[in-house]
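Dear colleague,

Please find below the structure that I am handing over to you, together with its sequence. My findings follow directly after it.

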Amino acid sequence: MKHVLIVDDCPDIRELVRLALGGKYLVSEAADARSAIEVLYRHAPDLIVLDVMLPGAMSGLHLLTMVRVDPNLSEIPVVIVTACRLPEERQSALERGADAYYTKPFSPLDLADYINDRLT
């Protein structure tokens, strides 16, 4: 079974994405970058859904950069889901290697369709 990691400090967003995926995948959740790193190195997921604004010292963009430079993780698709609508943040995320960029509020069904297309 494919594995999706959802990294977002809002439990409601994590649950919304989990429900939209409809039980098709093993889903892990993390509320911050530190917890996400633990999951990444314990069991590398097949796809990451990542918020930009996370609590703690590391933002989602920093985590994205870490994933892209690690040869063991660099091929994992990363989908940014964020409340920030600044064009420069979107550009920064894409330049750092994000595969897709969704702004909140977003359609969980559109996101699930994207994930299904990437993982099948």
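The structure, which is a predicted model, holds 1 aromatic pair. The ring centres of Tyr 102 and Tyr 114 are 6.3 Å apart, and their planes meet at 70°; since planes over 60 degrees apart count as edge-to-face, the pair is therefore edge-to-face. The two residues sit in distant parts of the chain, 12 residues apart, and the pair links these parts. Tyr 102 belongs to strand β5 (residues 100-103), whereas Tyr 114 belongs to helix α5 (residues 108-119). As to accessibility, Tyr 102 and Tyr 114 are both buried.

Strand β5 also leads to the sheet. There are 5 strands in this open sheet, which pair in parallel and follow the order β2-β1-β3-β4-β5. The edges are taken by β2 (26-30) and β5; each has a single partner strand, so one side of each has no neighbour in the sheet. From one strand to the next, the twist averages 15°.

At the β2 edge, some further detail is available. The pairing of β1 (residues 3-7) with β2 is parallel and extends over 5 bridges. Within this part of the sheet, Leu 5 has Ser 28 in β2 as its bridge partner. Helix α1 (residues 11-20) lies across both β1 and β2, and runs at about 170° to β2.

In short, the findings concern an edge-to-face tyrosine pair and an open sheet with parallel pairing.

With kind regards

Key. Residues are numbered from 1 along each chain as its sequence is written. This is a predicted model: local features need pLDDT of at least 70, side-chain atom pairs count only at pLDDT 80 or more; totals for chains, interfaces and linings use all residues. Side-chain values use heavy atoms; hydrogens and water are left out. Rings of Phe, Tyr and Trp (its six-membered ring) pair if their centres lie within 6.5 Å; planes under 30 degrees apart count as stacked, over 60 as edge-to-face and the rest as tilted. Helices (H or I, at least four residues) and strands (E, at least two) are DSSP runs, numbered from the N terminus. Buried means under 20% relative accessible area, exposed over 50%, partly exposed in between (1.4 Å probe, protein chains only). Two strands pair if DSSP finds at least two bridges between them. Axes are lines fitted to C-alpha atoms, for helices over the stretch in contact, and angles run from 0 to 180 degrees between N-to-C directions. Contact means heavy atoms within 4.5 Å.
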